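Welcome! Please take a look at the chain below, and then let us walk through it together.

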Amino acid sequence: MLLSCGAMIYLAQNTVKDNSLKSLTSFVKSLATGINTEGIDIVKSDIKFPYRVTLINQDGSVYFDNEADPLQMGNHLERKEIKEALQQGYGSDVRISNTLSERTDYYAIKLENGQVLRCSVTASTLFQGIATLLGETVVILLFAGLVSLYLAVHLAKRIVSPLNDLDLDHPLDSEIYDELTPLVKRLDSQQKHINEQILHIKRQREEISAVTASMTEGLVILNSKGEIISINRSARKLLHADASAVGKSFLNLDHSSYVLELFDGDSHDFSAKRTSIERDGQIYDIFISRVGNEELLGYALIYVNVTASHLAEAQRREFTANVSHELKTPLQSIIGAAELLESGLVRRGDEQSFYKKISREAAALVRMINDIILLSRLDEGKVKEASEILDPLNIY
């Protein structure tokens, strides 16, 4: 708008200038014809000329001027329009004032008597025209700006309205411009892709939830801040928690030494750890794993109930001790009897009783060894079940 106004002022100024020069030229030619025909006295008559009229002698002195005293005016021989008129019969020039506010157009014609007739007209320059029309221009620009703003706001609302009303879940069902059809198709494709990904993630979460829910081991997953992300049923039962524990700090459920060590400043250095605790009369092995390679993402804790294996191990140690003691007794009897027989300390005729004792203790030893083998096979599950008919009345 500013460029348009400037261009309009420039074109208007040039049009006025051209028309002014044409009028000035036409007037000078008409006046020169009149002087050549009727004489020089025509310029000294009481005729009011629309332009400044000056007669210059051949030596450059001013003979007549309708706006100034000729005696007070300097020699005009060096003026451009005068030089051209004396040389080629006519001349013109444009001079602009030092303040750039006025422009004076000169046109001169050489008369038949040798004098030069010059007429001039003063007009405002482009800068003065802009300054003169500045107030009107500002008003026009302000009005045009307000109208443009009003139209822009309403047009923008009309253009954006279909976009704001676009149904992102079903983009193809929305009424939209034809130019936006590729965008709508792209949105529909991305929406379908996102829905498929969400469905896939949901299915994976359901599968993981089903697996962790059926685990006999307790599973707790924490983020790097120690907040619970997931906790399965076995872990909730073990830690006396419920589903509301998700999102809370794990320290609210367990503040044992291994947990405090887990969140210690140096705990980021380990990748896996194993410890044991006793809770509610049960023994648990806890496996702690660090999640993440370079950046710590969280921790995974698995609680495994090892009470049965600990009891079995304790029973196995007790059984081993008892068996060792039971085996030691018959062996000592056999060794003692054999040493007595070997040293000849047994009276003649008593050897047979020692032989029977050795045989009896050896048979007891074999029975105990067979019992141990049977228990070992039972423990390994390699013995088939056997049935036997018993008479309750004859058991004792």
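Is Phe-27 buried or exposed? With a relative accessibility of 18%, Phe-27 counts as buried, because the cut-off for that label is under 20%. Please keep in mind that this is a predicted model.

## Overall shape

Let us step back to the whole chain. The chain contains eight helices and ten strands. Its radius of gyration is 62 Å, whereas a compact globule of 396 residues would have one near 21 Å. Along the principal axes, the C-alpha atoms fill a box of roughly 195 × 55 × 35 Å.

Of the 396 residues, 26% are buried. If you take the contacts between residues at least 6 apart in sequence, 39% of them join residues at least 24 apart.

## Surface and charge

The accessible surface of the chain amounts to about 27800 Å², and carbon and sulfur atoms account for 56% of that surface.

As for charge, the chain carries 42 positive and 54 negative charges. The mean positions of these two groups lie 3 Å apart.

## An aromatic pair

Back to Phe-27, which has a partner. Searching the whole structure turns up one aromatic pair. The rings of Phe-27 and Tyr-51 have centres 5.1 Å apart and planes at 50°, so the pair is tilted. That label applies because 50° falls between the limits of 30 degrees for stacked and 60 for edge-to-face.

The pair links distant parts of the chain, with the two positions 24 residues apart in sequence numbering. Phe-27 belongs to helix H1 (residues 2-38), while Tyr-51 sits in the loop between H1 and strand S1 (52-56). Tyr-51 is also buried, at a relative accessible area of 13%.

## A buried aspartate

Next, follow the chain to strand S4 (residues 102-110), where you will find Asp-105. Its relative accessibility is 1%, so Asp-105 counts as buried.

What is Asp-105 in contact with, leaving aside its neighbours within four places in sequence? The list holds Ser-20, Leu-21, Leu-24, Asp-93, Val-94, Cys-119, Ser-120 and Val-121.

## A positive phi

One backbone angle also deserves a visit. Most residues other than glycine have a negative phi. His-240 is not a glycine, yet its phi is positive, at about 55°.

Where is His-240 placed? His-240 lies in the loop between helix H5 (233-239) and helix H6 (257-262). With a relative accessible area of 57%, His-240 is exposed, because that label needs over 50%.

Notes: Residues numbered from 1 in each chain as written. Predicted model: local features only at pLDDT ≥ 70, side-chain atom pairs only at ≥ 80, totals over all residues. Heavy atoms only, no water. Helix = DSSP H or I, 4+ residues; strand = E, 2+ residues; numbered from the N terminus. Rg over C-alpha atoms; globule rule 2.2 N^0.38 Å. Buried < 20%, exposed > 50% of the residue type's maximum accessible area, 1.4 Å probe, protein only. Contact = heavy atoms within 4.5 Å. Areas by Shrake-Rupley, 256 points an atom, 1.4 Å probe, with all protein chains shown as cover. Lys, Arg positive; Asp, Glu negative; His and termini not counted. Charge placed at Lys NZ, Arg CZ, Asp CG, Glu CD. Phe/Tyr/Trp six-rings, centres within 6.5 Å; stacked < 30°, edge-to-face > 60°.
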